[in-house]
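Could you walk me through this protein model, one part after another? I am new to it and would like a plain tour.

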Amino acid sequence: MKIGVVGTGYVGLVTGACFADSGNDVICVDIDEKKVERMRNGEVPIYEPGLNRVFDRSIRENRLRFTTNLEEAFKEADVLFLCLPTPPGADGQADLSFVLKVADDLGELFNRFPGYRVIVNKSTVPVGTADKVREAIAAKTDAEFDVVSNPEFLREGAAVEDFMKPERVVIGTSSPRAAEVMTTLYEPFVRSGNPIITMDERSSELTKYAANAMLATKITFMNEIANICERVGADVDNVRRGIGTDSRIGKRFLFAGIGYGGSCFPKDVQAIHHTAGELGYDFRILDSVMKVNETQKVSIVEKMKVFYNGDLAGKTVGIWGLSFKPETDDVREAPALYIADELAKLGVKMKAYDPEAIETFKASATKQALVSMEFTEDRDSVLEGIDALVICTEWNEFRRPDLERFTKKMKAPVIFDGRNLYDLKRAKEAGLTYISVGRPWVGVKEKAKV
Ligand SMILES: NC(=O)c1ccc[n+]([C@@H]2O[C@H](COP(=O)([O-])OP(=O)(O)OC[C@H]3O[C@@H](n4cnc5c(N)ncnc54)[C@H](O)[C@@H]3O)[C@@H](O)[C@H]2O)c1
């Protein structure tokens, strides 16, 4: 099939490369000229495991091309995927201007290059957007087309794997013709029997928000349990194991930490909360989820204040991990951004390392944070002469360092761990002062109240 992909970010580029890998002819469009130039030169502009492999292969076989011109893709494509940004507006509402602008352009292109096409919304969009896109196109043309909702569930860091082997594909359409096109496209990815679930557009649009809101709630619930653990002297890891074995609860997404971030959960929770509010429904559970997450992101700074009796000025702190989660260079809404900003305000100097996200972090951090920070090229260089280490992201290389050896480089062996990477017994044996999330403090005589 001939496919156009509009927007080549984390979703669009993965979508384009994976469809090309399964034998389709794909042409990707982006307005970012520099990015398109880089991709034309064979460079993958984001870090995503496994993406280089499918990208290179498809380019070599001329099944994956790039352009800045929507017309070029439209002329050739039978199906056009919209993978455009839907950032939060001032009041939390999803900003649809990127999607509707392209819908407008598509209407004009239909007049110049007629023929049935399927327009697929892969962006995360509020309920009713398929109708809006349909209306925007139909306002300009009488051409035959269908608009389909096809939310994307890939996880950054495992995006290629998730796209190639999705647990489910959701297709929202009331058109049998469009449903058949979409099913044909996705069948190669669900050969092991995972379902393609077809439903109406509105349910499909809501499914994506429901999934992200549920996952954000699950994380937040566990973070609240962790906060209780710290107050009653329990260990959240034990509680996690105790409840995760209940199949009604499940083992995944139960790890306590310094809050959720990324480009999806924060904005999607806000957007569905906003939609509910507009409809006169107070989505109370999500109100709490957002409030808890705000404080959880900087909870580690609160612990540092307690540990240092409020006097952090002049300290030098190392930071391991800047991306919002491992295996990505994405720092959108990453806790590290907030922590670095808070620490800078308190007069702390920072040395930071991340395997992939230093450049994206520099582009997103506040000025105040950046003037207080230096960045190192490897994990160990962060440690020289620091008063404490803060772990913000659970990259694999941070999981099993030689604790005794590396803490010798530090002024004091103090670790604030936002991701609970180390075993408490091991931390004690290594002589660490080790303060994590929802677990007893190690090496601190009497735990202060947090
Ligand atoms: N990132 C994820 O993990 C993820 C997962 C599921 C769903 N989503 C949703 O998918 C959508 C895209 O997310 P993303 O993370 O890929 O965004 P992104 O910001 O990484 O990429 C968007 C791309 O669209 C391009 N663009 C903007 N306007 C354009 C136009 N008029 N024509 C062509 N290109 C244009 C931008 O230059 C950018 O390259 C969002 O709605 C998001 O919520 C994201």
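In this predicted model, the count of cavities of 30 Å³ or more comes to one. The largest cavity has a volume of about 30 Å³. Its lining is made up of Asn-121, Ser-123, Thr-124, Val-125, Ser-149, Asn-150, Pro-151, Glu-205 and Lys-208. Sorted by class, that lining holds two nonpolar, five polar and two charged residues.

One of the lining residues, Asn-121, leads us to strand 5, which spans residues 117–121. Is this strand enclosed or open? Five of the five residues of strand 5 are buried, so the strand is largely enclosed by the rest of the structure. In a regular strand, side chains alternate between the two faces of the sheet. Here both faces are covered: Arg-117, Ile-119 and Asn-121 are buried on one side, and Val-118 and Val-120 are buried on the other.

Now look at the partners of strand 5. Strand 4 (residues 79–82) pairs with strand 5 in the parallel sense, over four bridges, and Leu-82 stands opposite Asn-121. To get from strand 4 to strand 5, the chain passes through helix 5 (residues 97–112), in a right-handed β-α-β crossover. Strand 6 (residues 145–149) also runs parallel to strand 5, joined by five bridges. Within this pairing, Val-120 has Val-148 as its bridge partner. Strand 5, helix 6 (residues 129–138) and strand 6 together form a right-handed β-α-β unit.

Further along the chain we come to strand 13, residues 414–417. Both of its faces are covered as well: Val-414 and Phe-416 are buried on one side, Ile-415 and Asp-417 on the other. Strand 12 (residues 388–391) runs parallel to strand 13, with three bridges between them, and Leu-389 stands opposite Ile-415. The chain travels from strand 12 to strand 13 by way of helix 17 (residues 403–409), and this β-α-β crossover is right-handed. Strand 13 also pairs in the parallel sense with strand 14 (residues 433–435), over three bridges. In that pair, Val-414 faces Thr-433 as its opposite number. Strand 13, helix 18 (residues 424–429) and strand 14 make up a right-handed β-α-β unit.

Let us pause at the loop between strand 12 and helix 17, where Pro-401 lies. Is Pro-401 buried or exposed? Buried means under 20% relative accessible area, and the value for Pro-401 is 9%, so Pro-401 counts as buried. Leaving aside neighbours within four places in sequence, Pro-401 is in contact with Trp-320, Arg-379, Phe-406 and Tyr-422. The C-alpha atoms of Pro-401 and Asp-380 are separated by 9.4 Å, and these residues are 21 apart along the chain.

The tour ends with two loop residues. Most residues other than glycine have a negative phi. Asn-62 is not a glycine, yet its phi is positive, about 60°. Asn-62 is found in the loop between helix 3 (51–60) and strand 3 (64–67). With 52% relative accessibility, Asn-62 counts as exposed, since exposed means over 50%. Asn-309, again not a glycine, has a positive phi of about 50°. Asn-309 sits in the loop between helix 13 (299–307) and strand 9 (316–320). Asn-309 is exposed too, with a relative accessible area of 73%.

Technical notes: Residues are numbered from 1 along each chain as its sequence is written. This is a predicted model: local features need pLDDT of at least 70, side-chain atom pairs count only at pLDDT 80 or more; totals for chains, interfaces and linings use all residues. Side-chain values use heavy atoms; hydrogens and water are left out. On a 1 Å grid over the protein atoms alone, a cavity is a set of points where a 1.4 Å probe fits but cannot get out, and a pocket is an open set with protein on both sides within 12 Å along at least five of seven lines; lining residues have an atom within 4 Å of a point. Grid points are joined across faces, edges and corners, and a volume is the space filled by probe spheres set on the points. Ala, Val, Leu, Ile, Met, Phe, Trp, Tyr, Cys and Pro count as nonpolar, Asp, Glu, Lys and Arg as charged, and the others, Gly among them, as polar. Buried means under 20% relative accessible area, exposed over 50%, partly exposed in between (1.4 Å probe, protein chains only). Two strands pair if DSSP finds at least two bridges between them. A crossover is right-handed if, with the strands pointing away from the viewer, the path from the first strand over the helix to the second runs clockwise. Contact means heavy atoms within 4.5 Å.
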